[in-house]
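Here are a few exercises to work through with the model open on your screen. Try each task before you read its solution.

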Amino acid sequence: MPDKNPHGKICYLEIPAVDITRSSEFYEKVFGWQLRRRGDGAIAFDDTTGAVSGTWVTGRPPAAAPGLLIYIWCDSVAATVNAVVAQGGEIVQPIGVDAPEITARFRDPGGNVIGLYESPN
């Protein structure tokens, strides 16, 4: 049986937040991440694949400028950009800057800059 979590796989993220409820609801509504309460009471998430989990943390500065930049896979970056804005996020790099790749970048409610990626057909 293959190892479900091979050596080197990214598995867990801690996302800086000012308001954990606000940030968790943003990611749930925009990306469909499943929210859950951990045993310690913290709000945690599992991404739509169930392969990556994490939580939101306070008391850390946001990743406000790209250094390490995480991209979230999207069926449609254009539709996701609309959802980000509708849920109170800010687009900081529009679609087309990385052409021919289909990307955009947004600032989440905690101030973190995150990338969006759609596979070109």
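**Exercise 1. Work out how strand E4 is covered and what it pairs with.**

Step 1: Start with burial. Strand E4 (residues 53-57) is mostly covered, with five of its five residues buried. Buried here means under 20% relative accessible area, exposed means over 50%, and partly exposed is in between, using a 1.4 Å probe and protein chains only. Strands (E, at least two residues) and helices (H or I, at least four) are DSSP runs numbered from the N terminus.

A quick word on the model: it's predicted, so local features need pLDDT of at least 70 and side-chain atom pairs count only at pLDDT 80 or more, while totals for chains, interfaces and linings use all residues. Residues are numbered from 1 along each chain as its sequence is written, and side-chain values use heavy atoms, with hydrogens and water left out.

Step 2: Split the strand by face. In a regular strand the side chains alternate between the two faces of the sheet. On one side of E4 sit Ser53, Thr55 and Val57, on the other Gly54 and Trp56, and all are buried.

Step 3: Find the partners. Two strands pair if DSSP finds at least two bridges between them. E4 runs parallel to strand E1 (residues 12-16), joined by five bridges, and Pro16 stands opposite Val57. With strand E3 (residues 43-46), E4 pairs in the antiparallel sense over three bridges; there, Asp46 has Ser53 as its bridge partner.

Step 4: Check the turn. The hairpin of E3 and E4 has six residues between the strands, and its Gly50 takes a positive phi near 80 degrees.

**Exercise 2. Describe the surroundings of Trp33.**

Step 1: Place it. Trp33 is in the loop between H1 and strand E2 (34-37). Because its relative accessibility is 7%, Trp33 counts as buried.

Step 2: List the contacts (heavy atoms within 4.5 Å). Skipping residues up to four places away in sequence, Trp33 touches, among others, Ile15, Tyr27, Phe45, Thr48, Trp56 and Ile72. The C-alpha atoms of Trp33 and Thr48 are separated by 5.5 Å, though the two are 15 residues apart along the chain.

Step 3: Look at the rings. Trp33 belongs to one aromatic cluster with Phe26, Tyr27, Phe31, Phe45, Trp56 and Phe106.

**Exercise 3. Classify the ring pair of Trp73 and Tyr117.**

Step 1: Get the rule. Rings of Phe, Tyr and Trp (its six-membered ring) pair if their centres lie within 6.5 Å; planes under 30 degrees apart are stacked, over 60 edge-to-face, and the rest tilted. The whole structure has ten aromatic pairs.

Step 2: Apply it. With centres 5.4 Å apart and planes at 55 degrees, the rings of Trp73 and Tyr117 make a tilted pair.

Step 3: Put it on the chain. This pair links distant parts: Trp73 in strand E5 (residues 71-73) and Tyr117 in strand E8 (residues 113-118) are 44 residues apart.

Step 4: Compare accessibility. Trp73 counts as exposed at 59%, whereas Tyr117, at 22%, is partly exposed.

**Exercise 4. Find the unusual peptide bond.**

Step 1: Recall the background. Most peptide bonds are trans.

Step 2: Spot the exception. Ala99 and Pro100 are joined by a cis peptide bond, with omega about 15 degrees.

Step 3: Locate it. Pro100 lies in the loop between strand E6 (90-93) and strand E7 (102-107).
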